[in-house]
Amino acid sequence: MIELSHLTKVYGDVAVVHDVNMHVEAGTITVIVGTSGSGKSTLLRMVNRLVEPTKGRVLVEGRDVLKMPAHELRRSIGYAIQSHGLFPHWTVARNIATVPMLLGWDRKKVAARVEELMELFQLDHVQFADRYPHELSGGQQQRVGVARAMAAKPTLLLMDEPFGALDPIIRGKAQADLKAIQRRTGTTILLVTHDMDEAIHLGDRIAVMNGGDLKQYAPAADILARPADAFVDDLIGPADRPFHYLTLGTVRTAVEPGEADGAPLAADTSLYEGLGALLWSGRRTAPVVDASGAALGRVSLGGIADKAARPR
Amino acid sequence: MTTLADAEMGGTATPRFDRLGVVIAIAAGTGLRLFDALPTMGAVAVAAALVAALVAAMASRRPLFRLALGALALAALALGAGAAGAHLTPTDNPYARIAPASGFWLGLFATAMLMTDAMVRLKLGPLGRLVALVITAALVAALLASGAWSHLSLIAEYRNRADVFWREAESHLLLAAGSLAAAAIIGLPLGVLAYQVRAVRDPLINILNIIQTIPSMALFGILIAPLGWVAAHVPGAHAIGIRGIGMAPAFVALFLYSLLPMMANTVVGLSGVSRAVVDAARGMGLTGRQRLMQVEIPLALPVILAGIRIVLVQNIGLATVAALIGGGGFGVFLFQGLGQTATDLILLGALPPVALAFAAAVLLDAVIEISARGKA
């Protein structure tokens, strides 16, 4: 989907992004994580040419982005940013319609698409279509921002700290919604964040940037198990590592035969949530059921603990 | 309280002999008290209206009530002044002049303050303020058209010069609005350029700042020489009205004064557009022109309109000075009046620009507020 080769951006004599090579699989979520000044945003912005590369090449679906007119390239790629950047003088519907209108879709098709997206993002069409952004809550504005980015059905969506302005509870919900919508639409997402939790929660693969260099690019489990260097290790936070690890698996993977008392856990609950439920209810075991409510067995504190240990 | 009431009721009128055209000197006027200027019943009515308005306004805090009281007092003052004119004008002397004196003006000031205060407290929306402006204008027009004031000297001066008055009104508007239009046509693109090209911004603003510091009389003077040269040497320039003195230098000077607020407000307005919004617009694939026309200018519009408001109000005032170099406008009456110490003539030149500037300010403030909606 995306192929970055020897991608470099130099401002003055500082290489903000230095010789990055990366391949992003279609239909996946890839998260670029790093501290501020790591070059993660610059890397993202070179994909739709909001920043022109100093050296190197970007291929999107096999096409060299530097050989396309910048505005046409950007219309074909979704773009959502922190604090959403909605146009304050346009209604919600007009905001979402931005790219389809630029592409010259006919009015009916645009209206239908706006309605479809508002439903997808749980925004009541009747209630919100004609409102202005400042009349919406932060979470609603953020959803409109993502809906706008996906309006012209781009196969690639770039997101620069899209949840940065949200409070923790709404952020968790927004992340879960994004993941669900991505699974449904199959859109390839390249997302930038400074938050390792967010990266592990959302990313099929995680790219860690530091000082302009790509330090490690691997699936979340690999990053946790085998951090490439001390910086990546630090970013994960050694104390949090086993718990991060538990967020990646479901209790289904730790099911053992047997019975247990108390409220059952759904098989799709993450190991992390399962651990929390056991600890808080003071139990050492809990029954596990599948989506239809049929008993699968039980899960135990020891079984979950085994899953949190460093893989050998 | 007694003294204030006295001041408001002292609606004295001034009979005065104005033998304009025969001798420049004018006989000094005689001040009259309210009860000498009006028949007893009329004087009692005016005094009663003023006292009632004053007492009730002090007793009540409700803005709508206070506004109505102010309007009542104002109507009493205006009709009283007109009636005094009719009552005092001698039938056998066409040169006699009756003018409202300090009592009337103080009363007018007090009632206007009362009404303005009430209007502010009413917190009218932009449309409400526009309606109030139209009603005010209609009432003033009705008063003038009704002939109630036809015996007052201000109207007499107007009647003697009616055709000149409207010609100068036209010049005044042409100067003020024309130079604004020219400044908008040049200043807006200049502002966009200064916003987009940083290197241009500071030199441009500095040059216009220097022009802004030149006093208007000096600028008229400075422009006489180059425009005179252009009129004499550029073919066709003289034919389209370019001269060293007259309308052309006044127009150019007002245009130059207008450029800075136009350009500076455009730059400030565009710079004030949120960076996230501009970044999103680029990222969505709007071209530079689409970004400017669809996002940046609409969002900067309230600030740009504020620039237009500054320029229009400033130009309506400054255009008065244009008369000094033969540029026409209401200043013609003002400076004639100053030369002849004829107060009514001064007022004839001064009141219309004041009213126009006030109306322009109210109108544009309302437009700015409407344009700023939904851009919080």
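## Helix 15 of chain B

The buried residues of helix 15 of chain B are B:Thr343, B:Asp344, B:Leu345, B:Leu347, B:Leu348, B:Gly349, B:Pro352, B:Pro353, B:Leu356 and B:Ala366. They pack against strand 2 (96–100), helix 6, helix 7 (153–160), helix 8 (162–196), helix 13 and helix 14 (331–339) of chain B. The model is predicted.

Helix 15 of chain B contains 29 residues. From first C-alpha to last it reaches 42 Å, close to the 42 Å expected at 1.5 Å a residue.

## Helix 6 against helix 15 in chain B

Helix 6 (residues 126–146) and helix 15 (residues 343–371) of chain B have axes that come within 9 Å and cross at roughly 160°. Angles over 145 degrees count as roughly antiparallel, and helix 6 of chain B and helix 15 of chain B are therefore roughly antiparallel to each other. Their crossing is left-handed.

On the helix 6 side of chain B, the residues in this contact are B:Pro126, B:Arg129, B:Leu130, B:Leu133 and B:Ala137. They meet B:Ala359, B:Val362, B:Leu363, B:Ala366, B:Glu369 and B:Ile370 in helix 15 of chain B. By class, the residues of the contact are nine nonpolar, no polar and two charged. B:Ala366 is in this contact and is also listed among the buried residues of helix 15 of chain B.

## Helix 11 against helix 13 in chain B

A second helix pair in chain B is formed by helix 11 (residues 247–271) and helix 13, which pack at an angle of about 160° with their axes 8 Å apart. That angle makes helix 11 of chain B roughly antiparallel to helix 13 of chain B. The crossing of helix 11 and helix 13 of chain B is right-handed.

Helix 11 of chain B contributes B:Leu254, B:Tyr257, B:Ser258, B:Pro261, B:Met262, B:Asn265, B:Thr266, B:Val268, B:Gly269 and B:Leu270 to the contact. Opposite them in helix 13 of chain B are B:Glu296, B:Ala300, B:Val303, B:Ile304, B:Ala306, B:Gly307, B:Ile310, B:Val311, B:Gln314, B:Asn315 and B:Leu318. This contact has 13 nonpolar, seven polar and one charged residues.

## Chain B as a whole

Chain B has 15 helices and two strands. Its C-alpha atoms fill a box of roughly 80 × 60 × 30 Å along the principal axes. Of its 376 residues, 38% count as buried. Among contacts in chain B with a separation of 6 or more, 72% join residues 24 or more positions apart.

## Contact between chains A and B

The contact between the chains takes 16 residues from chain B and 18 residues from chain A. On the chain B side, helix 12 (275–284) and helix 13 (288–318) each supply at least two residues. Helix 12 of chain B gives the most, with seven residues. The chain B side divides into nine nonpolar, four polar and three charged residues.

## Two buried residues of chain A

A:Ala80 lies in strand 6 (residues 77–81) of chain A. It is buried, with 27 other C-beta atoms within 10 Å. Leaving out residues up to four places away in sequence, A:Ala80 touches A:Gly145, A:Val146, A:Ala149, A:Met159 and A:Pro162. The C-alpha atoms of A:Ala80 and A:Thr269 are 30 Å apart, with their positions 189 residues apart along the chain.

A:Gln141 is placed in helix 7 of chain A. With 20 C-beta neighbours inside 10 Å, A:Gln141 counts as buried, because the cut-off is 20 or more. A:Gln141 and A:Leu86 are 55 residues apart along the chain, while their C-alpha atoms are separated by 7.6 Å. A:Leu86 is one of the residues that A:Gln141 touches, along with A:His84, A:Pro133 and A:Leu136, not counting residues up to four places away in sequence.

## Positive phi values

Most residues other than glycine have a negative phi. A:Lys153 has a positive phi, near 50°. A:Lys153 is found in the loop between helix 7 (138–149) and strand 7 (156–160) of chain A. With 13 C-beta neighbours inside 10 Å, A:Lys153 counts as partly exposed.

In chain B, B:Thr341 has a positive phi of about 40° although it is not a glycine. B:Thr341 lies in the loop between helix 14 and helix 15 of chain B. It counts as exposed, with 11 C-beta neighbours inside 10 Å.

Conventions: Residues are numbered from 1 along each chain as its sequence is written. Chains are lettered from A and ligands numbered from 1 in the order in which they are written. This is a predicted model: local features need pLDDT of at least 70, side-chain atom pairs count only at pLDDT 80 or more; totals for chains, interfaces and linings use all residues. Axes are lines fitted to C-alpha atoms, for helices over the stretch in contact, and angles run from 0 to 180 degrees between N-to-C directions. Helices (H or I, at least four residues) and strands (E, at least two) are DSSP runs, numbered from the N terminus. Angles under 35 degrees count as roughly parallel, over 145 as roughly antiparallel, 65 to 115 as roughly perpendicular and the rest as oblique. A crossing is left-handed if the near helix is turned anticlockwise from the far one by less than a right angle, and right-handed if clockwise. Two residues are in contact if their C-beta atoms, placed from the backbone, lie within 7 Å. Ala, Val, Leu, Ile, Met, Phe, Trp, Tyr, Cys and Pro count as nonpolar, Asp, Glu, Lys and Arg as charged, and the others, Gly among them, as polar. The expected span of a helix is 1.5 Å times one less than its number of residues. A residue is buried if 20 or more other C-beta atoms lie within 10 Å of its own, exposed if 12 or fewer, and partly exposed in between; C-beta atoms are placed from the backbone.
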